Every structure is written in C-alpha cells, then in structure tokens.
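Please examine the structure shown below together with its sequence. The paragraphs that follow lead through strand pairing, the nonpolar core and one loop residue.

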Amino acid sequence: MNNHEPGFADPAASYGDRRPINTDPREQPGFAFPAANLDPREQPRWQPMPAPIMARPPRQGRSPWAWMGVSVLILVIIFGGLASASVLLTHIITNSRTFTVGAQPTLRLSSNSGDIHIVSGPSQTISITARQRVFWGDNDPLPVHYQQTDANTLTVTVDERPTFSFLFSYNNGIDFDVTVPSQTSLEVHTDSGDITSTGVNGQIALTASSGDITTNGGSGQITLTTSSGDIEASNINGQMRLTTSSGDITAANANARGNSTFQTSSGDISFNGSLEPDGSYGFQASSGDIDLTLPNDAAFQVQATTDSGDISSDFSGVNVFPGSSGAVANGSVGSAPYARITIQASSGDIYLHKA
C-alpha cells in the first residue's frame with residue numbers, strides 16, 4: 001500500500017522529525033571553500049601581550065635608627081616631665097644664723113653636696129644662710145650643725161637626707177651663702193658642688209670632689225683641689241697648691257712663693273703673675289698646654305720638657321732644643337737669686353711669655 005496515497009497520513013508528519021536541520025552553507029551539497037587570503041595587508045596585526053602585573057613588594061619596617069630616635073624623644077619627654085614635677089612639687093626651706101667672732105676667725109664648713117658661696121663682709125661677724133629644696137609637706141629643720149668652740153673657730157657640718165617620691169628619688173644637697181670678715185681662714189669641702197670665694201684674704205683650703213673652684217683673693221697657704229672641675233684663682237699671694245684631675249687651672253695676678261705646684265691630669269695651665277726668688281715652682285699637665293706669663297725683669301732658671309709638642313720663649317736666656325716628637329728647654333734669665341721652675345707637659349705645648 002502506498003502510504004502517500006490519499007487517505008493515509010505521512011509518518012514523518014505524524015510523529016515529527018526530531019533531527020535538527022543543518023543550515024551551515026559549508027556543509028550543503030556543492031559548497032566549495034574559498035581560497036585563503038594571503039595578502040599581508042589584510043592579515044590581523046600582532047599585538048604585544050600586556051605585561052603581567054607584578055605583586056607589590058612587602059612594605060619594609062621602620063629603620064632601627066628611627067625607632068631609636070622615637071625612644072630618645074620619649075625619654076626626653078619623660079625626664080622633662082619629671083624635672084618639671086620636681087619643681088612644681090617642691091619648695092625651698094632656709095635657715096639663717098649669725099655668729100660673733102674675732103678679727104681673724106677660721107671657718108670650717110663640710111657638705112656632702114651643694115654649692116658654697118663665700119664673700120667678705122663686716123668684721124667680727126659670720127653670717128650663714130642654708131637652703132634646701134624639699135617636697136611640699138616636708139617642714140623638718142635642715143640637718144645643719146653649728147659648733148663654735150671659741151671666738152675664732154666656727155665649724156659647720158651637714159647630715160644629708162635623701163628625698164623620695166613614687167616617680168623618682170634624689171639626694172638634694174644644701175647650698176650655702178656665707179659672709180665672713182676679709183681676714184678669715186677658710187677650710188671648705190663639698191663632695192659635689194661648686195665653691196666660690198670673693199674678697200677673703202686669709203689662707204684658704206677649698207676642696208671639691210666634683211665641681212669648680214673659684215677664688216678672688218687669698219694669702220698665705222693656698223690649697224685648691226678638685227677631682228673633676230676647673231680652678232680659677234685671681235689676686236692670690238702665697239705658697240700655692242692648685243690641683244685638678246680633669247680640668248683647667250687659671251691663676252691671674254698671682255704672686256707665688258715657697259714651694260708651689262700647679263698640676264692637672266687633663267687640661268691646660270695658665271699662670272700670669274710673679275714667682276718669688278729662692279722658691280721652687282712646678283707646672284705639670286699630662287694632656288694640655290702650659291702657658292706662663294712672667295714680668296720682664298723676672299729672674300729664674302727653667303727646665304722644661306714636652307713629650308709631644310713645642311716650646312717657645314720670649315726670654316732670650318732660654319735655649320730650646322726641638323726633638324723628633326717633643327722639645328726640651330733650659331736656661332737662666334736675670335741674675336741670682338733665681339726662682340727655680342720645672343715645667344713638664346706629656347702632650348701639649350709650653351709657652352714662656354713676657355708680661
């Protein structure tokens with residue numbers, strides 16, 4: 001039977017053709033591929049590949065020097081705050097005493113720490129004002145002891161007391177302002193602090209373990225000693241012993257007598273004045289220059305050596321012999337009696353000047 005005859009249904013029309021219809025012209029019967037286009041002008045241009053995005057390097061930390069600077073700044077702020085607090089939280093208490101003494105008294109004053117200022121004043125009177133900084137609420141009397149054994153001797157001693165707070169502690173010293181007759185003999189000592197004396201013409205012995213010593217005036221036996229500090233003396237007359245381990249020594253308008261010595265381990269020595277005949281005078285500096293200025297008519301014999309440095313002299317009678325690394329000088333100036341001078345500089349120059 002013919003399925004396509006009238007009266008019969010087309011199977012494909014009944015059930016539907018489920019295969020997809022291929023509409024690609026290249027796959028239709030009779031299709032031919034076109035020839036390849038070899039014209040270089042119509043070829044796609046080459047484009048460079050974009051550079052790969054590199055990962056950002058890790059961020060480095062701060063330099064150790066930067067952290068050190070920050071640490072120093074923090075310490076400065078802390079200690080500056082503590083210093084300000086020490087001023088705001090403290091006050092000064094004072095104690096003043098006056099003593100009647102003879103025409104030529106002796107003052108013996110010893111302190112562990114603090115500055116001591118001494119000036120000349122009315123005769124037969126010694127006035128002392130002691131000052132100490134303490135915390136508010138501390139109204140205890142100053143630990144200063146006075147002992148007058150006779151009309152001419154006054155002894156002053158101090159019992160230092162430490163002061164504490166919850167933030168810091170310190171041992172605050174006692175400062176002294178002293179007025180004495182001009183002919184007073186001074187025996188003054190402080191472990192830590194400066195000592196100054198003005199207008200006192202008696203014999204003086206001023207000693208500081210750590211601090212400067214300054215005097216304008218003094219006669220007789222003059223002893224100025226400090227372990228670490230400068231010594232400045234002017235208008236002094238007598239047998240002198242000026243010694244410092246670390247600091248300069250300056251003596252101006254000085255008249256040295258007897259056996260006098262000037263010595264520093266690290267610092268310069270400058271002497272401007274006169275040397276009495278028949279005296280022996282030693283100048284020694286381990287590391288520093290030595291400069292002597294003497295009168296034009298000075299009479300002296302000199303022996304000078306420097307291990308590393310030069311020697312120069314304004315006096316024609318001094319002969320200088322330069323060495324490979326140092327120099328030697330000797331000679332006589334003027335006529336007898338002579339002042340005998342010994343000068344030694346381990347590392348430094350030596351100068352002899354005419355005034």
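In which sense do β18 and strand β20 pair, and over how many bridges? In this predicted model, β18 and β20 (residues 280–287) pair in the parallel sense, and six bridges connect them. One position illustrates the register: Gln263 has Gln284 in β20 as its bridge partner.

From β18 the path leads to β16. Strand β16 (residues 237–246) runs parallel to β18 (residues 259–266), and the two are joined by five bridges. Here Leu242 stands opposite Phe262 in β18. Leu242 also serves as the bridge partner, in β16, of Leu224. That second pairing belongs to the ladder between strand β14 (residues 219–228) and β16, which run parallel and are joined by nine bridges. Leu242 is thus a convenient point of reference, with Phe262 opposite in β18 and Leu224 as a bridge partner.

Strand β16 has a further parallel partner in strand β17 (residues 249–256), to which two bridges join it. Within this pairing, Gly238 is matched with Ala256 in β17.

Attention now turns to the interior. In soluble globular proteins, nonpolar side chains tend to be buried together. The largest nonpolar core of this model comprises 66 residues, and the members that touch the most other members are Phe176, Phe271, Phe283, Phe300 and Ile343. What does Phe176 touch, leaving aside residues up to four places away in sequence? Its contacts include the nonpolar residues Leu109, Ile116, Ile128, Ala130, Val144, Val156 and Val158. Phe176 also touches Ser111, Asp115, His117 and Thr129.

A final stop is Pro105, located in the loop between β1 (90–100) and β2 (106–113). Is Pro105 buried or exposed? Pro105 counts as buried because its relative accessibility is 0%, whereas the cut-off for that class is under 20%. The surroundings of Pro105 can be listed as well: beyond residues up to four places away in sequence, Pro105 touches Ile126, Asn152, Pro181, Gln183, Thr184 and Ser185. Pro105 and Ser182 lie 77 residues apart in sequence, while their C-alpha atoms are 9.6 Å apart in space.

Conventions:
Residues are numbered from 1 along each chain as its sequence is written. This is a predicted model: local features need pLDDT of at least 70, side-chain atom pairs count only at pLDDT 80 or more; totals for chains, interfaces and linings use all residues. Side-chain values use heavy atoms; hydrogens and water are left out. Two strands pair if DSSP finds at least two bridges between them. Helices (H or I, at least four residues) and strands (E, at least two) are DSSP runs, numbered from the N terminus. A nonpolar core is a set of buried Ala, Val, Leu, Ile, Met, Phe, Trp, Tyr and Cys residues joined through side-chain atoms within 4.5 Å. Buried means under 20% relative accessible area, exposed over 50%, partly exposed in between (1.4 Å probe, protein chains only). Contact means heavy atoms within 4.5 Å.
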